[in-house]
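Please open the structure in your viewer and keep the selection tool at hand. The tour below proceeds one selection at a time.

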Amino acid sequence: MAETEREHHEGNEIADPDREVGELVGKLTRPGELEPAERRRLLGRLAQALSSGAKRARVTGAGRGRWLADVFLNIAPRIPIRDLHTLSDHHHGLTGEELADDLVRTAQKATMTVGAIGGALAAAEFAAPPLLLSAPAQLVAETIVVAAVEVKLLAELHEVYGVHVQGTGAQRAVAFTAAWAKQRGIDPLTPASVSIALGAATKTALRNRLLRTLGRHLTTLGPFLTGAVAGGALNRMATKKLGQAVRDDLRVKRTLPAGEQPELRKPRELSHGKRDELDP
């Protein structure tokens with residue numbers, strides 16, 4: 001069986017069978033400026049991939065929230081997180097609060113741009129505000145990318161403030177995603193806060209945060225360019241608020257001495273029929 005065909009059959013039960021969603025989000029959140037036309041093209045491809053994934057997963061009704069959370073958990077390890085040295089190098093040698101300021105500004109610009117493009121795409125198909133669970137694919141794509149940009153910001157702010165989270169890339173990605181769902185920084189002195197075992201409460205928080213972000217984007221639906229303006233402004237404000245909350249948290253956090261960092265616990269193997277039964 002050809003590789004692409006095999007991946008398709010093996011992926012029928014998951015949200016992102018061809019890994020295309022993760023690859024596209026990785027490109028959209030990679031450091032550096034994207035040309036507007038390229039960003040629009042990637043967002044369009046992402047919207048198509050998400051729409052196809054939802055159909056394959058037979059997502060309907062309340063299942064949309066669970067599917068959206070599963071999609072994001074699948075792509076979280078592909079979000080490019082830079083270490084402190086790389087961050088400083090990419091931001092003209094800045095360090096400390098100045099580097100944090102620049103990271104927040106950059107993230108605000110990124111989510112504002114995505115919001116403007118998503119709002120414009122939705123406006124082009126404007127007829128009447130849809131129900132939350134039947135949102136246009138473009139706005140679902142925008143929600144995923146904005147969440148990824150903000151998780152990236154949250155993770156890199158931890159680097160700036162020296163709050164280190166131990167574990168593999170995938171483990172740290174899940175920990176930062178859980179922190180994003182709560183809009184807080186991670187406290188390495190509290191083992192529970194850096195556990196990669198997503199309990200039912202944390203998964204619910206992630207679903208709610210994603211649906212809240214999607215709901216915010218639905219308010220950008222409107223004729224002509226009103227959606228683009230609103231989408232950009234709302235995303236910019238939300239990212240700024242997140243950055244401030246996380247920085248306030250991290251300023252008072254302290255890392256443990258070397259060798260005393262709490263170990264991340266591995267989650268139980270999930271079956272597709274019991275996705276929420278994780279370690280608390």
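Helices are runs assigned by DSSP of at least four residues, numbered from the N terminus. The model on the screen is predicted.

**The whole chain**

Begin by selecting the protein chain in a ribbon view. The chain has 10 helices and 0 strands, so that its elements, read from the N terminus, run α-α-α-α-α-α-α-α-α-α. Of its 280 residues, 48% count as buried. If a surface is displayed, about 13800 Å² is exposed, and carbon and sulfur atoms supply 53% of that area. Among contacts between residues at least 6 apart in sequence, 77% join residues at least 24 apart.

**Colouring by confidence**

Next, colour the chain by pLDDT. The average is 76, and 68% of the residues score at least 70. Which helix has the lowest confidence, and which the highest? The lowest is α1 (residues 3-10), with a mean of 40, whereas α5 is the highest, at 96. Now select residues 1-17, where the pLDDT is below 50; beyond near neighbours in sequence, this stretch has 22 contacts in the model. Residues 120-134 also have a pLDDT below 50, with 23 contacts in the model beyond near neighbours in sequence. Where pLDDT is low, the predicted coordinates should not be read in detail.

**Helix α2 and its cover**

Select residues 20-28, which form helix α2. The buried residues of this helix are V21, G22, L24, V25, G26 and L28. To see what covers them, add α3 (36-56), α4 (63-75) and α7, which are included in that cover.

**T177 in helix α8**

Move to T177, which lies in helix α8. T177 counts as buried because its relative accessibility is 1%, and the cut-off for buried is under 20%. Which residues does T177 touch, leaving aside its neighbours within four places in sequence? Show F72, L73, A76, V151 and L206 as sticks: T177 is in contact with each of these.

**Two residues with a positive phi**

Most residues other than glycine have a negative phi. Two residues on this tour may be viewed with that in mind.

Select H92, in the loop between α5 (84-90) and α6. H92 is not a glycine, yet its phi is positive, at about 60°. Is H92 buried or exposed? With a relative accessibility of 75%, H92 counts as exposed.

Then select Q183, in the loop between α8 (169-182) and α9 (200-218). Q183 is not a glycine either, and its phi is positive, at about 55°. Q183 has a relative accessible area of 19% and is therefore buried.

**The second largest pocket**

Finally, turn to the second largest pocket, which holds about 450 Å³ of space. How many residues line this pocket? The lining consists of 21 residues, and R30, G32, T106, A107 and A110 are the ones that lie nearest the centre of the pocket. Select these five and centre the view on them. By class, the lining has 7 nonpolar, 6 polar and 8 charged residues.

Now highlight α6 (96-124) and α7 (137-160), each of which supplies at least two residues of the lining. The largest share, 7 residues, comes from α6. Helix α7 has thus been met twice on this tour: in the cover of the buried residues of α2, and in the lining of the second largest pocket.

Methods
Residues numbered from 1 in each chain as written. Predicted model: local features only at pLDDT ≥ 70, side-chain atom pairs only at ≥ 80, totals over all residues. Heavy atoms only, no water. 1 Å grid on protein atoms, 1.4 Å probe; cavity = no way out; pocket = protein on both sides within 12 Å on 5 of 7 lines; lining within 4 Å. Points joined across faces, edges and corners; volume = space filled by probe spheres on them. Nonpolar A, V, L, I, M, F, W, Y, C, P; charged D, E, K, R; others polar. Buried < 20%, exposed > 50% of the residue type's maximum accessible area, 1.4 Å probe, protein only. Contact = heavy atoms within 4.5 Å. Areas by Shrake-Rupley, 256 points an atom, 1.4 Å probe, with all protein chains shown as cover. pLDDT = per-residue confidence, 0-100.
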